[in-house]
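Open the model in your viewer and keep the selection panel at hand. The stops below go from one strand to its neighbours and then to other parts of the chain.

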Amino acid sequence: MKIWSQFLLSCALSFGLLSSSIAADDRGTADQDVAMVKKAIAAIKSQGKEKAFAEFANTSNKDFHDRDLYIIVYDLNGINLSHGNNPKMMGKNLIELKAGDKFVVKDMIAVVKGKGSGWVDYQWPNPMNKVLENKSTYVEKVDDYFVGCGVYK
């Protein structure tokens, strides 16, 4: 009986580890996040802003929509130029947008004006499960705007 109990416990633990690794595959990684931003910047340079921004907002474009990863673009005044998850944000000035106690867009602008690129941490609803989660967004300045993509932790 003891061997049987140990076997069941072992199976349960293995399933738990397996299911957590499967769940991890449902999320983008920080490396994939940065790679998507680099791909978006390359698209802007090769296609032009107008066409590239439209592609970022097109949710059926899998180049810029992968699980919970999507592209955002803001100008340095806080106006959203393209949003891969919520097209209603496009054209709006979101400089005062708060997530908890953080001014998300202001923080992103501070990073790109200071270092040119970097990470901003905050909480945001995950589009896959609608749950408020910790998120880090990588942002990179291009001319007078920046491109970003966030990864949920």
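This is a predicted model. Begin by selecting valine 73 together with valine 147: valine 147 belongs to strand β8, and the two valines stand opposite each other. Extend the selection to the strands around them. β8 covers residues 145-152, runs antiparallel to β2 and is joined to β2 by five bridges.

**The whole chain**

Zoom out before going further. The chain contains four helices and eight strands, and their order along the sequence is α-α-α-β-β-β-β-β-α-β-β-β. Of its 153 residues, 39% count as buried. Among contacts in the chain with a separation of 6 or more, 50% are between residues 24 or more positions apart.

**Strand β2**

Select residues 69-75, which make up β2; seven of the seven residues are buried. Which residues point one way from β2, and which the other way? Leu69, Ile71, Val73 and Asp75 point one way, while Tyr70, Ile72 and Tyr74 point the other, and all are buried.

**The partners of β2**

Next, add residues 65-66. They form strand β1, which pairs with β2 in the antiparallel sense over two bridges. Histidine 65 is the residue opposite tyrosine 70 of β2. Two residues lie between the strands in this hairpin, and arginine 67 there has a positive phi near 55°.

Then add residues 80-83, strand β3. β3 runs antiparallel to β2 and is joined to it by three bridges. Here the pair to label is isoleucine 72 with histidine 83 of β3, which stand opposite each other. β2 and β3 also make a hairpin, with four residues between the strands. In its turn, glycine 78 has a positive phi of about 95°.

**Aspartate 75**

Stay on β2 and select aspartate 75, which lies in this strand. What is the nearest side chain of opposite charge to this buried residue? It is lysine 49, 9.0 Å away, and aspartate 75 has no salt bridge. A polar atom of the aspartate 75 side chain does lie 2.8 Å from the backbone nitrogen of asparagine 77. Leaving aside neighbours within four places in sequence, show the contacts of aspartate 75: Leu81, Ile109, Asp144, Tyr145 and Phe146.

**Threonine 137**

Move to strand β7, residues 132-142, and select threonine 137 within it. Why does threonine 137 count as buried? Its relative accessibility is 1%, and the cut-off for buried is under 20%. The threonine 137 side chain makes a polar contact of 2.6 Å with the side chain of tyrosine 122. Apart from neighbours within four places in sequence, threonine 137 is in contact with Ile72, Met108, Gly118, Trp119, Val120, Tyr122, Gly148, Cys149 and Gly150. Ile72 in that list is the β2 residue that stands opposite histidine 83.

**The aromatic rings**

How many aromatic pairs does a search of the whole structure find? The search finds six. One of them is phenylalanine 53 with phenylalanine 56, a tilted pair with 6.1 Å centre to centre and 40° between the planes. Both residues lie in helix α3, residues 49-57, three residues apart, which is about one turn of the helix. Phenylalanine 53 is buried at a relative accessible area of 11%, and phenylalanine 56 is buried at 0% relative accessibility.

Now add phenylalanine 64. Its ring centre is 4.8 Å from that of phenylalanine 56 and the planes are at 70°, so this pair is edge-to-face. Phenylalanine 64 is also buried, with a relative accessible area of 5%. To finish this stop, select Phe53, Phe56, Phe64 and Tyr145 together: ring pairs link them into a cluster. Tyr145 is also one of the contacts of aspartate 75.

**Aspartate 25**

For the last stop, select aspartate 25 in helix α1, residues 2-25. Is aspartate 25 buried or exposed? Aspartate 25 is exposed, with a relative accessible area of 55%. Draw a distance from its C-alpha atom to that of arginine 67: the value is 9.1 Å, although the residues are 42 apart along the chain. Arginine 67 is the residue with the positive phi in the hairpin of β1 and β2, which brings the tour back to β2.

Terms used:
Residues are numbered from 1 along each chain as its sequence is written. This is a predicted model: local features need pLDDT of at least 70, side-chain atom pairs count only at pLDDT 80 or more; totals for chains, interfaces and linings use all residues. Side-chain values use heavy atoms; hydrogens and water are left out. Buried means under 20% relative accessible area, exposed over 50%, partly exposed in between (1.4 Å probe, protein chains only). Two strands pair if DSSP finds at least two bridges between them. A polar contact is a pair of N or O atoms within 3.5 Å; within protein, one must be able to donate a hydrogen and the other to accept it, and residues adjacent in sequence count only if both atoms are side-chain atoms. Contact means heavy atoms within 4.5 Å. Lys and Arg count as positive and Asp and Glu as negative; His and the chain ends are not counted. A salt bridge is a side-chain nitrogen of Lys or Arg within 4 Å of a carboxyl oxygen of Asp or Glu. Rings of Phe, Tyr and Trp (its six-membered ring) pair if their centres lie within 6.5 Å; planes under 30 degrees apart count as stacked, over 60 as edge-to-face and the rest as tilted.
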